[in-house]
Amino acid sequence: MAGAVSSHGCRRLLGPQLRDLLIQKHCVLFDCDGVIWNGEKAVAGAPEVVGLLKKRGKRVFFVTNNCTRPRESYVQKFSRLGFKDVVQSEILSSAYCSAVYLRDVAKVQGKVYVIGCDGVHKELREAGVPFVEGETDVPGATIFDCPLDSDVRAVLVGYDDKVNFLKLAKACCYLRNPDCLFLATDRDPWHPLPRGRVTPGSGSLVVALETASERKATVIGKPSRFMFECIASQFGVDPARSVMVGDRLETDILFGSRCGLDTVLTLSGVSTLEQAQGYRDGRTTDKAICVPDYVVDTVADFLPALAR
Ligand SMILES: [Mg+2]
């Protein structure tokens with residue numbers, strides 16, 4: 001049941017129940033980081049699960065807020081980690097969907113000022129959306145004397161490991177124009193790294209710009225519905241026959257619920273069973289929509305249900 005209510009949700013999925021769920025569903029959406037891989041290591045069993053789902057005639061899509069890579073680089077990563085036959089059209093990243101939004105929805109007339117990594121630049125280039133990279137100034141330039149491009153009509157901000165004060169300041173200057181669009185790839189607050197370290201996510205940069213510009217960004221990535229709309233419009237996917245599998249309650253599960261999908265939390269990533277149950281049993285109703293319908297330890301739990 002999509003949009004779980006408080007007395008439901010967080011149901012442990014075991015072999016027979018998983019088999020029943022998969023019989024009902026035609027389409028499975030997976031988050032990537034923390035679900036089918038962690039860094040450069042595939043979650044055990046994940047390549048087999050994806051292969052078997054396809055063999056059983058299911059549509060499989062990968063929906064990721066990670067905007068650092070272009071989709072062609074994801075195709076290579078899937079192949080490197082042992083996933084067979086994953087093609088570019090099955091991968092929807094927040095970088096790709098931001099480019100689609102700027103081209104097809106906003107139809108922006110002019111350039112996009114980008115704070116982001118290579119993934120965003122490549123997707124914009126491929127979509128034919130003109131843009132200005134944040135990092136084009138001579139060393140030592142400051143916000144007092146750097147040039148501003150009068151053709152900029154949108155600011156797009158995403159994860160950028162080379163962000164600096166001048167990039168943020170220039171974005172703020174462009175956002176002074178109320179006709180300049182303000183887009184964010186996603187609001188992910190932080191990302192886990194090996195050995196207990198973390199890195200700030202796109203969301204931390206978005207909030208910095210929102211504070212300085214006193215504006216709110218339009219967010220493309222999960223939990224916004226736009227990434228599912230991209231899939232639904234391109235592939236005619238029915239939300240009632242689709243399921244979202246993710247590791248983060250506030251992004252993946254909320255995204256699935258908002259789009260009318262059944263949701264499965266996998267415990268191989270960021271969110272814990274205790275957090276999910278806390279949202280289910282808590283008194284704050286605003287978190288009820290982040291409660292997953294089902295819970296599995298890892299996607300490998302799908303394997304018995306797919307075996308014949
Ligand atoms: Mg994740």
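**Exercise 1.** In what order do the 5 strands of the open sheet stand, and is the pairing parallel or antiparallel? Then find which strands stand at the edges.

*Solution.* The model is a predicted one.
Step 1. Reading across the open sheet, the strands come in the order β8-β7-β9-β10-β13, and their pairing is parallel.
Step 2. Strand β8 (131–133) and strand β13 (218–219) each have a single partner strand, so one side of each is left without a neighbour in the sheet. These two strands therefore stand at the edges.

**Exercise 2.** Describe how strand β7 is joined to strand β9, and name the helix that packs on the sheet.

*Solution.*
Step 1. Strand β7 covers residues 111–115 and strand β9 covers residues 152–157. The two run parallel and are joined by 5 bridges.
Step 2. One bridge can be given by residue: Ile115 has Val157 in β9 as its partner.
Step 3. The helix that packs on the sheet is α7 (residues 202–213), which touches β7, β9 and β10 (181–184). The direction of α7 makes about 135° with that of β9.

**Exercise 3.** State how the protein is divided into domains, and describe the side of domain 1 that touches domain 2.

*Solution.*
Step 1. Domain 1 consists of 11–65 + 224–306, and domain 2 of 95–219.
Step 2. Taken over C-alpha atoms, the centres of the two domains are 29 Å apart.
Step 3. Contacts involve 8 residues of domain 1 and 8 residues of domain 2.
Step 4. On the domain 1 side, helix α8 (residues 226–235) gives the largest share, 3 residues.
Step 5. By class, this side of domain 1 has 4 nonpolar residues, 4 polar residues and no charged ones.

Key
Residues are numbered from 1 along each chain as its sequence is written. This is a predicted model: local features need pLDDT of at least 70, side-chain atom pairs count only at pLDDT 80 or more; totals for chains, interfaces and linings use all residues. Two strands pair if DSSP finds at least two bridges between them. Helices (H or I, at least four residues) and strands (E, at least two) are DSSP runs, numbered from the N terminus. Two residues are in contact if their C-beta atoms, placed from the backbone, lie within 7 Å. Axes are lines fitted to C-alpha atoms, for helices over the stretch in contact, and angles run from 0 to 180 degrees between N-to-C directions. Domain bounds come from an automatic or database domain assignment. Ala, Val, Leu, Ile, Met, Phe, Trp, Tyr, Cys and Pro count as nonpolar, Asp, Glu, Lys and Arg as charged, and the others, Gly among them, as polar.
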